[in-house]
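Let's read a structure together, one feature at a time. Grab a viewer and follow along.

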Amino acid sequence: MKKPATLLGEKNKFLILGCGFSGSFFAKTIKKFGCTVLTSSRSKVRDPNSFVFNSENGIIPDAKIFDGVTHILSCIPPDKTGNDPVLENLQSKLQDLPLEWIGYLSTTGVYGNTKGGWVSEIDQPNPFQKRSHNRLNCEKKWIESGLPVQIFRLPGIYGPGRSTFEAIKNKKIRVISKKNQVFSRVHVADITNAIIYLLQNKNSLKFYQIINIADDEPCSQIEVMQYCYDLIGLTMPKPILFEDAKKELSPIAQSFWMENRRVSNRLLCETLGYKLIFKNYKIGLKDCYSNSQKNKFKNFL
Ligand SMILES: NC(=O)c1ccc[n+]([C@@H]2O[C@H](COP(=O)([O-])OP(=O)(O)OC[C@H]3O[C@@H](n4cnc5c(N)ncnc54)[C@H](OP(=O)(O)O)[C@@H]3O)[C@@H](O)[C@H]2O)c1
C-alpha cells in the first residue's frame, strides 16, 4: 500500500542556516506551507524571524532559536580553513534535537573534471580544486555525524536577480570560447521545489543521501550568452579564446574553466520522479528576464 504523503505545515519549524540566494528562495517558498521559518545571516537581524550566525567571529545562535526545530537547511559553504561552519559550531546542539531532516547544499565540484562526460551520484568523487576537496570532506563529516542529512550536489545556480542578465548589465561579462567546454546549471526554483518534493514524498520514496539537482541540458557558456543577448535585443561581443582571456581572469574564474562535466539528474528526475520547472537555460532565463524590468537592459552597452 502506498504510504501517504508527508504534509508540511504548522507543526514544522525550519531553520535556514545561511539565508543567501538559495536559502532565501527556499525560505520564501516553505513559508507558504504554513511552516515556521527562521533564517540566519552573518551580520544582520533582518526581521523577527532572522538571527545571526557567524562562525568567522564566533557568533552562535541563542539556544532558544532551536526550540521545536524539526528541519534544517544548511546553505553555508566551508570556511577558510575548509571546515563546515555548522558542524564545527553547532553539531552537539543539533544532535540533541528531535530533527526529522537536515538538507545540506553542496556542489558538483566534488566530481572534478570528467572532460565533458556525464557524472552521477554513483560515480566516485574526484575533486580537482582545493575547495572541492574541502567540500567533499564536509560532506563526509555530515554523513559521519549520524544526523538525518540529505546532501544536494548543485551545479551553477542562477535565477531572478542572479543570472547572465545581471552580468551583462553590470558589464561583468567576458564572452569566452573554449572548445567542447560545457557547464551544468540549475534554476534556484528547482532547488527549492525538488527539495520540497522529496520532503513531501519522504514516506513513499526510497531515501538517497546524495542527490544531484541539475537541469537537463548542460551547454557552453556562449550558447547561454547568445540567448541572453538575443532576448535583450543586443549584439553579443565577439568571443575571446580562453587561452587569450585566461591571463585576465581571476584565479577563481580560471578554476571554473579547468573543469568540464555534464551533471546527470536521472536519480532525481527519473528514479524519484521530480519534474523540473526549468528543464533548460532557455526556459529558466526567460523566467529571469520576465522577472527583471526590461527597461533596465536598454542603453547599457
Ligand atoms: N552559487 C553557485 O553557483 C553554487 C553552485 C554550487 C554550489 N553552491 C553552494 O550552495 C550553497 C548555497 O549557494 P548560494 O549561492 O545560495 O549561497 P550564498 O548566496 O552565497 O549564501 C551563503 C550563505 O552562507 C552564509 N555564510 C557564509 N559563510 C558563513 C559562515 N562562516 N558562518 C555563517 N554563515 C555563513 C552567508 O551569510 P550572509 O548572508 O551574511 O552573506 C549566506 O547567507 C553554498 O554552500 C554554495 O557554496 C553554490
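What follows is a dialogue on helix faces, single residues, ring contacts and the ligand site.

Q: Before we start, what kind of model is this?
A: It's a predicted model, so keep that in mind as we go.

Q: Let's take a helix. Which residues of α10 are buried?
A: First the general idea: an α-helix has 3.6 residues a turn, so residues three or four places apart point the same way. Now the case here. Helix α10 spans residues 281–291, and its buried residues are Y281, G284, L285, C288 and Y289. They sit on the same side of α10 because they cover an arc of only 140 degrees around the axis.

Q: And which exposed residues does the face turned away from the buried side carry?
A: Look there for S290 and N291, both exposed.

Q: What do the buried residues of α10 pack against?
A: Two strands and two helices, if you follow the labels: β8 (156–158) and β10 (185–187), plus α4 (164–169) and α6 (221–232).

Q: What should I look at where α10 starts?
A: Check N280. A side-chain oxygen of N280 comes to within 3.1 Å of the backbone nitrogen of K282.

Q: You mentioned α4. Is T164, which lies in that helix, buried or exposed?
A: To call burial, look at relative accessible area: under 20% is buried. T164 has 17%, so it counts as buried. Leaving out residues up to four places away in sequence, T164 touches I173, V224, M225 and C228.

Q: How about a loop residue: where is N265 found?
A: N265 is in the loop between β13 (262–263) and α9 (266–271). Despite the loop address, don't guess; check the number. N265 has a relative accessible area of 8%, so this residue is buried.

Q: What does N265 touch?
A: Setting aside residues up to four places away in sequence, the list is A214, D215, D216, E270 and L276. For A214 there's a polar detail too: its backbone oxygen lies 3.0 Å from a polar atom of the N265 side chain.

Q: Now E243, in helix α7 (residues 242–245). Is E243 buried or exposed?
A: Here the cut-off is over 50% for exposed. E243 counts as exposed because its relative accessibility is 51%. Its side chain makes a polar contact with the side chain of K246, at 3.3 Å. Also compare sequence and space: E243 and I176 are 67 residues apart in sequence, yet their C-alpha atoms are 9.2 Å apart.

Q: On to rings. How many aromatic pairs does the structure hold?
A: There are 8 aromatic pairs. When ring pairs share members, trace them as a cluster: F183, F242 and W257 are linked that way.

Q: Which charged residues lie over ring faces?
A: Try two cases. K28 lies over the face of F25, at 4.3 Å from the ring centre. R131 does so over F256, at 4.7 Å from the ring centre.

Q: Last stop, the ligand. Which residues come nearest?
A: Start with the neighbours, then zoom in on polar atoms. There are 25 residues around the ligand, and F21, S22, R42, R135 and R162 come nearest.

Q: Where do backbone atoms of C19, G20 and R42 lie relative to ligand oxygens?
A: For R42, a backbone N or O atom is 2.8 Å from a ligand oxygen. C19 has a backbone N or O atom 3.1 Å from an oxygen of the ligand. For G20, a polar backbone atom is 3.2 Å from a ligand oxygen.

Technical notes. Residues are numbered from 1 along each chain as its sequence is written. This is a predicted model: local features need pLDDT of at least 70, side-chain atom pairs count only at pLDDT 80 or more; totals for chains, interfaces and linings use all residues. Side-chain values use heavy atoms; hydrogens and water are left out. Rings of Phe, Tyr and Trp (its six-membered ring) pair if their centres lie within 6.5 Å; planes under 30 degrees apart count as stacked, over 60 as edge-to-face and the rest as tilted. A charge sits over a ring if NZ of Lys or CZ of Arg is within 6 Å of the ring centre and within 35 degrees of the ring normal. Buried means under 20% relative accessible area, exposed over 50%, partly exposed in between (1.4 Å probe, protein chains only). Helices (H or I, at least four residues) and strands (E, at least two) are DSSP runs, numbered from the N terminus. The arc is that of the directions from the helix axis to the C-beta atoms. Contact means heavy atoms within 4.5 Å. A polar contact is a pair of N or O atoms within 3.5 Å; within protein, one must be able to donate a hydrogen and the other to accept it, and residues adjacent in sequence count only if both atoms are side-chain atoms. A residue is near a molecule or strand if one of its heavy atoms lies within 4 Å of it.
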